[in-house]
Each structure stands twice: as structure tokens, then as C-alpha cells.
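Trainee: I would like to test some terms against a model. Can we go through them one by one?

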Amino acid sequence: MKLLVTGGAGFIGSHFVRRILDADDIENVTVLDALTYAGHTANLGQAFLSPKLDFVHGDICDAELVDRLVRQHTAVVHFAAESHVDRSFTTAGTFLTTNVHGTQILAGAAMRHSIDRFVHVSTDEVYGPLLDGAATEDYPLRPTVPYAASKAASDLVALSYWHTYGAPVCVTRSSNNYGPCQHPEKIIPLFVTRLLRGERVTLHDRGQHVRNWLHVEDNCAGIELVLRRGIPGEVYNVGGGTDLSSRDLTEQLLNICGAGWDQVTYIPDRLSNDLRYAMDWSKLAALGYQPTHDFAAGLIETANWYRNNPDRWAPLSRSSAARCVTPDSAREPQHA
Ligand code: NAD
């Protein structure tokens with residue numbers, strides 16, 4: 001397989017590249033990444049030592065470049081995206097350009113060059129909030145924030161290339177990922193890095209929001225399974241992590257970092273903060289998917305990575321100043 005991976009210098013994409021590079025049937029892997037604020041070649045680390053890895057610094061919206069690269073490969077795994085919900089409140093246009101237009105450019109090239117497989121990586125946030133139950137893949141798409149709306153649109157664009165042209169598109173939708181190398185704007189690394197520096201963290205609306213936390217390596221295992229065995233035109237939920245309210249997550253992080261509740265400030269809820277996401281992932285389980293990471297152990301391993309690699313995240317961290325709660329800042333986004 002000659003594999004093109006978009007967004008391979010980001011959090012999940014870099015784990016995926018490091019995972020798949022040594023597989024016997026992988027002839028080469030080309031990473032296409034624009035190296036936005038979220039992309040770092042350091043995330044690929046030792047993978048650069050492999051003669052199988054090529055890196056192209058470029059934009060998925062560059063149709064000429066994408067056409068040339070897709071032509072040289074037999075499969076695409078598409079991670080590249082604007083991925084941070086909070087940023088989508090202020091720069092929604094960038095989300096639509098990268099996530100929707102960029103996906104259309106890639107899917108169009110996949111169609112023209114008759115590649116064997118196109119895996120489009122998406123999120124459970126496209127289903128919107130569920131008060132109870134769990135979304136199967138045919139659950140209605142009800143995204144509530146610009147990020148999720150752009151991902152839902154990109155899912156439909158990618159699948160339209162299957163329905164219209166027979167391009168072999170599969171979509172994966174995973175829950176919240178955690179693990180080493182995530183940008184410190186996201187809640188787990190944000191809280192860990194602040195707590196390790198003795199700073200305060202902020203919790204929205206008394207921390208009642210529930211998310212499913214999936215180790216990034218379990219998500220990558222699910223994505224690889226879909227790459228190899230997924231049926232074109234199908235969507236696969238990748239779940240099976242641990243359901244936790246943000247209050248319970250905070251408690252675990254405080255314990256791991258040796259901090260107390262006096263380092264937590266409660267703030268009113270941010271804009272459109274979905275109360276709960278939940279997915280049914282039995283369709284992917286039927287292909288053989290089974291997450292293996294224990295959450296408590298994975299969280300400690302993740303926190304230790306940030307503890308041991310300050311050079312990797314400190315330059316990326318936002319101002320260390322603790323936020324104060326004012327009527328205006330109260331509804332400001334803070335973390336996904
Ligand atoms: P990330 O923000 O860490 O990485 C995104 C990568 O895409 C970066 O390397 C960035 O440089 C690159 N990129 C952005 N715009 C680009 C462009 N125009 N051209 C080329 N490269 C570009 O994101 P992530 O957390 O690794 O997420 C990867 C994918 O998984 C995204 O599609 C996201 O929507 C999806 N997803 C993420 C999560 C999660 O918890 N992180 C959960 C479900 C789904």
C-alpha cells in the first residue's frame with residue numbers, strides 16, 4: 001500500500017503514522033501537512049528515520065498539489081482539519097475552508113485517480129448532544145457548534161463521492177481522544193500543564209458535561225481496521241472509551257498532578273456546550289475492533305508525558321495567567 005496521510009503532524013495523525021509505518025504491506029507513507037499552529041514535525045519523531053516516510057509541507061486546499069500526491073498513492077487517510085471547538089467560535093470560515101473544501105479537493109482527487117481506499121476521519125460531535133442512549137452510524141446529524149457542523153458537512157461531502165462516483169470512501173467517527181502529543185489547548189493537556197505549573201484551571205458549569213475518552217492508540221487501531229477491512233460507503237463509530245463528567249475528569253487530573261480543588265475555578269458555561277455525547281460502536285466491533293487501553297493508566301501515562309517533555313508543550317501553551325471570571329469572560333470559550 002502506498003499511503004497518503006493528511007494532517008500526519010497533528011495529534012492523532014502522528015500516532016497513526018508511527019503505528020502503521022512498519023507494517024509489511026506498507027510500501028511508503030507520505031504525510032501532507034500544512035504545519036498550522038497544531039502541526040509539529042516533532043510529533044513524528046523517530047518515524048523520520050524510516051526510509052518509508054516522506055513529508056510534504058502543503059495545504060489540502062492546494063488542488064494541484066493534492067492531485068499530484070493522490071495520483072502517486074493507493075490509499076488516503078484524511079486527518080487534516082481545524083480541530084479545536086473554541087477556535088471555531090471566532091474563525092468559523094477557516095474551519096469551513098479546511099474541513100469542507102479541503103475534504104472535497106481530496107475526495108475529488110481520490111475519485112479521479114481510482115485509489116483503493118479513502119478513510120475520512122471524523123468525530124462523534126456530528127451527532128450533537130444525546131440526553132440518553134447512544135448514536136449508531138445512521139443517527140441524525142445534529143451538530144451544534146461550527147467545528148462539528150464543518151465536520152458533519154465534510155462527512156457528507158466525502159460520502160457523496162462514494163454515492164456519486166463510487167470513490168471507496170469510509171468515514172470513522174471517534175469520541176474524544178487523549179494521549180501524548182496533544183496540543184495543550186485541549187482540556188486534558190491544558191489542565192495537566194497548568195496544574196503542573198501550580199496554576200488554576202477553570203471548569204464550566206460545575207463540570208457536568210459528559211464525554212467519552214478514548215486513548216489515541218485505540219482510535220488509530222480502529223482507523224487502521226477501517227482502512228484494511230471497512231466497506232466503502234460505510235461509516236464506523238470508534239468508541240469504547242470511558243464516559244466521564246468534566247468534574248470527574250478534573251478530580252482524576254488533580255490527583256495525578258498532586259493538586260487540590262483550590263486550584264479549580266468554576267465559571268458559567270461556554271457557548272453551546274453539548275451536555276453529553278455517546279456512540280454505539282458495535283458495527284466496528286463486528287470487524288474485530290476492541291479498545292485495549294485502561295483509562296486510569298492511560299491518563300497517568302499521558303500526564304507523565306507532559307511532565308517529562310516540557311520542551312514540547314511549554315512554547316505552545318497560552319498565557320499562564322489565571323483567568324478571572326467577569327460577565328464578559330464567563331461565556332468565552334475555554335477548552336473543548
Ligand atoms: P490536530 O489539530 O492535532 O491536527 C490537525 C493537523 O492537520 C495538524 O497537523 C495541522 O497542521 C494539519 N492541518 C490543518 N489544516 C491543514 C490544511 N489546510 N492542510 C494540511 N494540513 C492541515 O487534530 P487531531 O486532534 O489530531 O484530529 C485529527 C482529526 O481527527 C481531525 O479531523 C479531527 O476532526 C478528528 N477528531 C479528533 C478528535 C480528538 O479528540 N482530537 C476526536 C474525533 C475526531
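Mentor: Start with residue classes: Ala, Val, Leu, Ile, Met, Phe, Trp, Tyr, Cys and Pro count as nonpolar, Asp, Glu, Lys and Arg as charged, and the others, Gly among them, as polar. By that split, the shell around the ligand holds twelve nonpolar, 14 polar and three charged residues. The model is predicted, so local features need pLDDT of at least 70 and side-chain atom pairs 80 or more, while totals for chains, interfaces and linings use all residues. Numbering runs from 1 along each chain as its sequence is written, and side-chain values use heavy atoms, without hydrogens and water.

Trainee: What makes the pair between a ligand oxygen atom and the side chain of Tyr147 a polar contact?

Mentor: A polar contact with the ligand is a pair of N or O atoms within 3.5 Å. The ligand oxygen is 2.7 Å from an N or O atom of the Tyr147 side chain, so the pair qualifies. Backbone atoms serve too: a ligand nitrogen is 3.0 Å from a polar one of Ile60, and a ligand oxygen is 2.9 Å from one of Phe79.

Trainee: How do you know that the length of α10 (residues 295-308) fits a helix?

Mentor: The expected span is 1.5 Å times one less than the number of residues. For the 14 residues of α10 that gives 20 Å, and the end C-alpha atoms are 20 Å apart, so the two agree.

Trainee: Which residues of α10 are called buried?

Mentor: Buried means under 20% relative accessible area (1.4 Å probe, protein chains only). Phe295, Gly298, Leu299, Thr302, Ala303, Trp305 and Tyr306 meet that. Their arc around the axis, taken from the directions to the C-beta atoms, is only 150 degrees, so they lie on the same side of α10.

Key:
A polar contact is a pair of N or O atoms within 3.5 Å; within protein, one must be able to donate a hydrogen and the other to accept it, and residues adjacent in sequence count only if both atoms are side-chain atoms. Helices (H or I, at least four residues) and strands (E, at least two) are DSSP runs, numbered from the N terminus. Buried means under 20% relative accessible area, exposed over 50%, partly exposed in between (1.4 Å probe, protein chains only).
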